[in-house]
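Could you walk me through this structure in the viewer, one selection at a time? I would like to know what to pick next and what is there.

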Amino acid sequence: YLKISKLALAFAIIQSKPPGKSCKEYTEHLAKSVSEQDFGWKSKVEVLEAEVLRLRQELLLSKICPRFCLENDASAEPLLNQECINPMSYSSQLEDSGCDVSNDYAFDSLGTAADIHQPEQNVNTSKHWLERVLPLSLCNTSKEESLTAPVQFLQHLLEIKRLSEGGILQADFTELEKDSLTICNSVSQLLDGLTVFYNSPKFPVSDFLTEAVCVLISLITDNKLSNHVLKKCFRKLEEFKKNLIQIILRNSNVNRFQALHAVSHTLVLLGRNNILRNSLISLLLSEVRQFAEQLLQAHQIQAMYDITQYENIFPLCMILEQLLQNGTEASNVSSSDYDGEEKIKFLKNLDQIILYLSDEFPLFSLYLWRTSILLNSAQI
């Protein structure tokens, strides 16, 4: 049937071919026209799906807190919590060679990330902010526009919870159990938007994208709301962490280090959640171990190795060291708290690897040794 259909289509194209065009040119023209129509329908479907999700978000918020209302005021000023993520002075970090970063950046020479702060706001400011929507004029690109709805929804959700805990609002968060799909889709949309941005970032980063990361971190570190998110979106968060790690490893742009630091900082913040921490450490240990084994193999047979990947492995080592040193937001757990399968694989034959690589790759060998010390801190 398929062969007959293809033959019939071929005859139809030949018979309807306009003069002056070859069959190949006319076929390509028809294929382009059909694909454009499909793309148009897909775009319309995406817009409608986004609108449905936005309406479901508003409905859920109104069920949680009946007093809640969205007033779309174009003149509203966003209340950006800049201290949630350590200020990175992106405005001063235009496209440079990647060899220098600002002094107040999230990482120092040891890869130490700044703490997350949640400054208290007065009641009037919170109420004023709660009743407003972040203006769409903040979104300069389509990548940012895709983040607008989930960021607004999750911001309002966090603020309603904070005000309800202070006795200012009455809220029923059992509604989240009844409509968990809305919050799950919102988090997924936020993670997808952040992944798109980190794949092709533009600097300086707008305040809105900084706020998007801030909202994500606040959500997964919140004791009550994180249960709903992690229960439904754990796989999506795991996929997000894997994507960020691959973005670091595969980035080969000349001016890439500024972008790698931004991704690294986000991973460190994610690793402060006590549920996400161990899985992130396992992923990092696996990548560093595999690269060390490949580098050793290339060194032994005097083969070429990927210098770009060698440079990119150091941010992963810095993230790993930071997570093993500082633990999580919930408690001050040490590196001895991590006792996964990847720890055994990483430490196996590590001394031999360091011995062979230390002369030609001293810095990488030093990072491997420091990581092994942190993993063995319990025994020491």
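Here is a short tour, from the whole chain down to single residues and then to helix pairs.

**Stop 1: the whole chain**

Keep in mind that this is a predicted model. Show the protein chain as a cartoon and colour it by secondary structure: there are 14 helices and 0 strands. Read from the N terminus, the elements run α-α-α-α-α-α-α-α-α-α-α-α-α-α. Now colour by burial: of the 380 residues in the protein chain, 44% are buried. If you draw a contact map, look away from the diagonal: among contacts with a separation of 6 or more, 80% join residues 24 or more positions apart.

**Stop 2: Leu147 in helix α4**

Select residues 142–165 to bring up helix α4, and pick out Leu147 within it. Is Leu147 buried or exposed? Its relative accessibility is 0%, so Leu147 counts as buried. To see what surrounds Leu147, set aside neighbours within four places in sequence; the contacts are then Gln189, Leu190, Gly193, Leu194, Phe208, Leu209 and Ala212. For a distance label, try Leu147 to Ser186: the C-alpha atoms are 9.3 Å apart, with the two positions 39 residues apart in sequence numbering.

**Stop 3: helix α6 and Leu191**

Next, select residues 180–199, which form helix α6. This helix has 20 residues and spans 29 Å from first C-alpha to last, close to the 28 Å expected at 1.5 Å a residue. Switch on a surface for the rest of the chain and you can see why α6 is described as largely enclosed by the rest of the structure: 14 of its 20 residues are buried.

Leu191 is a good residue to zoom in on here, as it is found in α6. With 1% relative accessibility, Leu191 counts as buried, the cut-off being under 20%. Which residues does Leu191 touch, not counting those up to four places away in sequence? Show Leu216, Lys236, Leu237 and Phe240 as sticks to find them. You can also label the C-alpha pair Leu191 and Glu239, 48 residues apart in sequence and 9.4 Å apart in space.

**Stop 4: helix α10 against helix α13**

Hide the sticks and select residues 276–300 for α10 together with residues 350–357 for α13. These two helices pack at about 45°, and their axes are 10 Å apart. That angle makes α10 oblique to α13, and the crossing is left-handed. On the α10 side, the contact uses Ala292, Glu293, Leu295, Leu296 and His299, while α13 brings Ile353, Tyr356 and Leu357. Coloured by class, the contact of α10 with α13 shows 6 nonpolar, 1 polar and 1 charged residues.

**Stop 5: helix α10 against helix α14**

Leave α10 on screen and add residues 362–375, which make up helix α14. What is the angle between α10 and α14? The pair packs at about 140°, with axes 12 Å apart. This makes α10 oblique to α14, and α10 and α14 also have a left-handed crossing. Select Leu285, Val288, Phe291, Ala292 and Leu295 in α10, then Phe364, Leu368, Thr371 and Leu375 in α14, to see where the two helices meet. By class, the contact of α10 with α14 contains 8 nonpolar, 1 polar and no charged residues.

Key: Residues numbered from 1 in each chain as written. Predicted model: local features only at pLDDT ≥ 70, side-chain atom pairs only at ≥ 80, totals over all residues. Heavy atoms only, no water. Axes fitted to C-alpha atoms, helices over the stretch in contact; angles between N-to-C directions. Helix = DSSP H or I, 4+ residues; strand = E, 2+ residues; numbered from the N terminus. Parallel < 35°, antiparallel > 145°, perpendicular 65-115°, else oblique. Left-handed = near helix turned anticlockwise from the far one by under 90°. Contact = heavy atoms within 4.5 Å. Nonpolar A, V, L, I, M, F, W, Y, C, P; charged D, E, K, R; others polar. Expected span 1.5 Å × (residues − 1). Buried < 20%, exposed > 50% of the residue type's maximum accessible area, 1.4 Å probe, protein only.
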